[in-house]
Amino acid sequence: ITKGFRDDGSLVEEQTFRHLLQKALDEESDLEWKVINAGVGGNTTDDALKRIDADVLDHNPDYVTIMFGVNDASLLSFPDFRERHEPRVPLDRFERNLETIIEKIGKVGA
């Protein structure tokens with residue numbers, strides 16, 4: 001999970017995907033990298049489209065990783081975790097959302 005999570009709250013920054021990616025890039029490259037985690041726990045692709053400009057594109061990124069699907073496909077509501085009979089985001093909308101996200105990222109040259 002991009003955000004990083006443990007039920008007992010013991011996760012520390014040094015164990016997160018953002019930190020591990022930053023560390024690997026720093027060790028393997030002579031270039032200067034800045035890894036930003038714009039992930040928000042519980043977000044779906046619907047949520048991402050509402051905040052992609054401010055949270056991602058306004059940083060003028062060279063590269064963007066996209067990690068969505070678990071929350072979109074979830075059969076639990078958020079944030080109350082009640083059982084649902086349909087995914088939070090239907091598959092056809094999930095696909096359209098991802099296509100839109102990819103197009104937006106491409107337009108800024110990332």
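**Salt bridges, aromatic pairs and helix packing in a predicted four-helix model**

The structure holds six salt bridges. It is a predicted model, and the interactions described below were computed from its atoms. The protein chain contains four helices and zero strands, giving the pattern α-α-α-α when read along the sequence. Its C-alpha atoms fill a box of roughly 50 × 40 × 20 Å along the principal axes. Of the 110 residues of the protein chain, 22% count as buried. Among contacts between residues at least 6 apart in sequence, 52% join residues at least 24 apart.

Among the salt bridges are two that connect helix α2 with helix α4. In one of them, the side chains of D46 and R93 meet with an N to O distance of 2.8 Å. This pair links distant parts of the chain, since D46 belongs to helix α2 and R93 to helix α4, 47 residues apart. D46 has a relative accessible area of 22% and is therefore partly exposed; R93, at 27% relative accessibility, likewise counts as partly exposed. In the other, D53 forms a salt bridge with K104, and the closest N and O atoms are 3.5 Å apart. Here too the pair links distant parts of the chain, with D53 in helix α2 and K104 in helix α4, 51 residues apart. The relative accessibility of D53 is 38%, so this residue counts as partly exposed. K104 is partly exposed because its relative accessible area is 28%.

A further salt bridge is formed by the side chains of E13 and R18, at 2.6 Å from N to O. E13 is partly exposed, with a relative accessible area of 37%, and R18 counts as partly exposed at 21% relative accessibility.

Helix α4 comprises the 17 residues 91-107. At 1.5 Å a residue, this helix should span 24 Å, and its end C-alpha atoms are 24 Å apart, so the expected and modelled spans agree. The buried residues of α4 are F94, N97, I101 and I105. These four residues cover an arc of only 70° around the axis and therefore lie on the same side of α4. An α-helix has 3.6 residues a turn, so residues three or four places apart point the same way. What covers the buried residues of α4 includes α2 (45-55) and α3 (70-73). Just after α4, G109 adopts a positive phi of about 85°.

Two of the buried residues of α4, I101 and I105, also belong to the largest nonpolar core. That core has six residues, the others being A48, I52, V56 and L57. The elements that give two or more residues to this core are α2 and α4. Thus α2 and α4 share the core as well as the D46 to R93 and D53 to K104 salt bridges. Leaving aside neighbours within four places in sequence, the core residue V56 is in contact with A38, R51, P61 and V64.

The aromatic pairs number two. W33 and Y63 form a tilted pair, with 5.6 Å centre to centre and 40° between the planes. This pair links distant parts of the chain: W33 lies in the loop between α1 and α2, Y63 in the loop between α2 and α3, and 30 residues separate them. The two partners fall into separate accessibility classes, because W33 is partly exposed at a relative accessible area of 26%, whereas Y63 is exposed at 64%. The second pair, F78 and F81, is edge-to-face, with 5.7 Å centre to centre and 90° between the planes. F78 counts as partly exposed at 40% relative accessibility, while F81 counts as exposed at 53%.

W33 also takes part in the surroundings of Q22. Q22 lies in helix α1 (residues 17-28). With a relative accessible area of 13%, under the 20% cut-off, Q22 is buried. Not counting residues up to four places away in sequence, Q22 touches W33, K34 and V35. W33, placed in the loop between α1 and α2, therefore has both Q22 and its ring partner Y63 among its neighbours under the contact and ring-pair criteria.

Technical notes. Residues numbered from 1 in each chain as written. Predicted model: local features only at pLDDT ≥ 70, side-chain atom pairs only at ≥ 80, totals over all residues. Heavy atoms only, no water. Expected span 1.5 Å × (residues − 1). Buried < 20%, exposed > 50% of the residue type's maximum accessible area, 1.4 Å probe, protein only. Arc of directions from axis to C-beta. Contact = heavy atoms within 4.5 Å. Phe/Tyr/Trp six-rings, centres within 6.5 Å; stacked < 30°, edge-to-face > 60°. Salt bridge = Lys/Arg side-chain N within 4 Å of Asp/Glu carboxyl O. Core = buried A, V, L, I, M, F, W, Y, C linked by side-chain atoms within 4.5 Å.
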